[in-house]
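User: Could you walk me through this model before I go back to the bench? I would like to start with the terms and then jump around a bit.

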Amino acid sequence: RLKAFYNTTVEADVEFRDDRYEGINDLKIRNHFNSETWISAGKMKAPFSGEWATHSSDLKVYDRSPLVAQLHPRRSIGALIEGQISDTWGYQVGLFSGDDHRELGALSDPFWFFGLNYDFSKQEIPNLKERLRDKKNPLPNQLTNRERWYLHYIYNQGAGGSGAIGASRVAQGAISRNSGNPLDPSAFRYRHMVATGLQFEQDQF
């Protein structure tokens with residue numbers, strides 16, 4: 001992570017295996033537009049579901065669940081806006097490419113990401129925005145024990161051509177009962193995806 005200029009950071013994650021270059025995982029620019037809005041652009045993951053949005057080093061378990069591994073959108077180029085509606089309500093809106101490529105990929109077969117979240121830990125903090133900027137008056141420990149509800153929705157505009165979106169499992173060489181023709185696995189990619197849940201974080205767990 002590199003701070004490029006005022007309120008802007010550049011993040012890059014390049015994968016090597018046995019000293020051999022494998023591709024780009026993340027390459028994005030993130031700008032803290034103002035006190036309530038963040039804008040990110042580049043190759044990154046759409047933060048669909050709390051489990052997938054959590055960095056692997058921060059997971060409390062060994063690995064992500066098989067369901068998340070099947071459903072989560074692959075990393076692709078796109079843009080994401082994140083902001084606060086109020087002290088407790090936040091939102092996310094993003095547009096991502098459906099091109100699942102080890103490099104940057106192309107802008108094709110896009111999908112939309114929408115997120116809404118409510119942070120219970122901030123609902124009783126008076127003058128929260130001013131307190132966050134006041135380094136001489138630290139916030140209480142209540143904010144280190146975070147309780148958050150989220151609702152995420154993906155609309156796969158690219159449908160079958162969007163390789164970044166998961167698909168229903170279709171056996172290799174499966175035949176349609178109606179037409180007798182081989183089934184195309186790409187035709188079974190999800191068009192609508194919804195995830196919701198509660199996240200609990202504690203400073204010392």
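Analyst: One term first: two residues are in contact when they have heavy atoms within 4.5 Å. Please also keep in mind that this is a predicted model.

User: OK, then which residues does N117 contact, leaving aside its neighbours within four places in sequence?

Analyst: With those neighbours set aside, N117 touches T88, W89, G90 and Y91, and also R148, W149 and Y150. N117 itself sits in strand β7, which covers residues 111-119.

User: And is N117 buried or exposed?

Analyst: N117 counts as buried, because its relative accessibility is 10% and the cut-off for buried is under 20%.

User: Let me zoom out. How many helices and strands are in the chain?

Analyst: The chain has 3 helices and 9 strands, and along the sequence they come in the pattern β-β-β-β-α-α-β-β-β-α-β-β. Of its 205 residues, 31% count as buried, while the chain exposes about 13,200 Å², of which carbon and sulfur atoms supply 53%.

User: What share of the contacts with a separation of 6 or more comes from residues 24 or more positions apart?

Analyst: Residues that far apart, 24 or more positions, account for 58% of those contacts.

User: Back to strands: how does β5 pair with β4?

Analyst: Strand β4 (residues 37-44) and strand β5 (residues 76-84) run antiparallel and are joined by 8 bridges, and one of the residue pairings places K43 opposite I77 in β5. On to β6 (residues 89-96): β5 is joined to this strand by 7 bridges, again in an antiparallel arrangement, with A79 standing opposite L95 in β6.

User: How many residues lie between β5 and β6?

Analyst: There are 4 residues between β5 and β6, and the two strands form a hairpin.

User: Switching topic, how many aromatic pairs does the structure hold?

Analyst: The structure holds 7 aromatic pairs. One of them is F16 with Y21, which is edge-to-face because the ring planes stand at 65 degrees, with the centres 5.8 Å apart. F16 is exposed at a relative accessible area of 55%, whereas Y21 counts as partly exposed at 40%.

User: What about Y118 and F120, how are those rings arranged?

Analyst: The rings of Y118 and F120 are also edge-to-face, since their planes are at 75 degrees, and their centres lie 4.9 Å apart. Y118 counts as buried at 16% relative accessibility, while F120 is partly exposed at 32%. Both belong to a cluster in which ring pairs link W89, Y118, F120 and W149.

User: Last one, salt bridges: which partners does E15 have?

Analyst: The side chain of E15 meets R17 in a salt bridge at 3.1 Å, N to O, and it meets R102 in another at 2.9 Å, N to O. The pair of E15 and R102 links distant parts of the chain, with E15 in strand β2 (residues 8-17) and R102 in the loop between β6 and β7, 87 residues apart. R17 is partly exposed at 48%, and R102 counts as partly exposed at 37%.

User: And how many salt bridges are found in the whole structure?

Analyst: A search of the whole structure finds 5. Among them is R20 with E22, whose closest N and O atoms are 3.2 Å apart; salt bridges that share partners join E15, R17 and R102 into one network.

Technical notes: Residues are numbered from 1 along each chain as its sequence is written. This is a predicted model: local features need pLDDT of at least 70, side-chain atom pairs count only at pLDDT 80 or more; totals for chains, interfaces and linings use all residues. Side-chain values use heavy atoms; hydrogens and water are left out. Buried means under 20% relative accessible area, exposed over 50%, partly exposed in between (1.4 Å probe, protein chains only). Accessible areas come from the Shrake-Rupley method with a 1.4 Å probe; for residues, only the protein chains shown count as cover. Rings of Phe, Tyr and Trp (its six-membered ring) pair if their centres lie within 6.5 Å; planes under 30 degrees apart count as stacked, over 60 as edge-to-face and the rest as tilted. Two strands pair if DSSP finds at least two bridges between them. A salt bridge is a side-chain nitrogen of Lys or Arg within 4 Å of a carboxyl oxygen of Asp or Glu.
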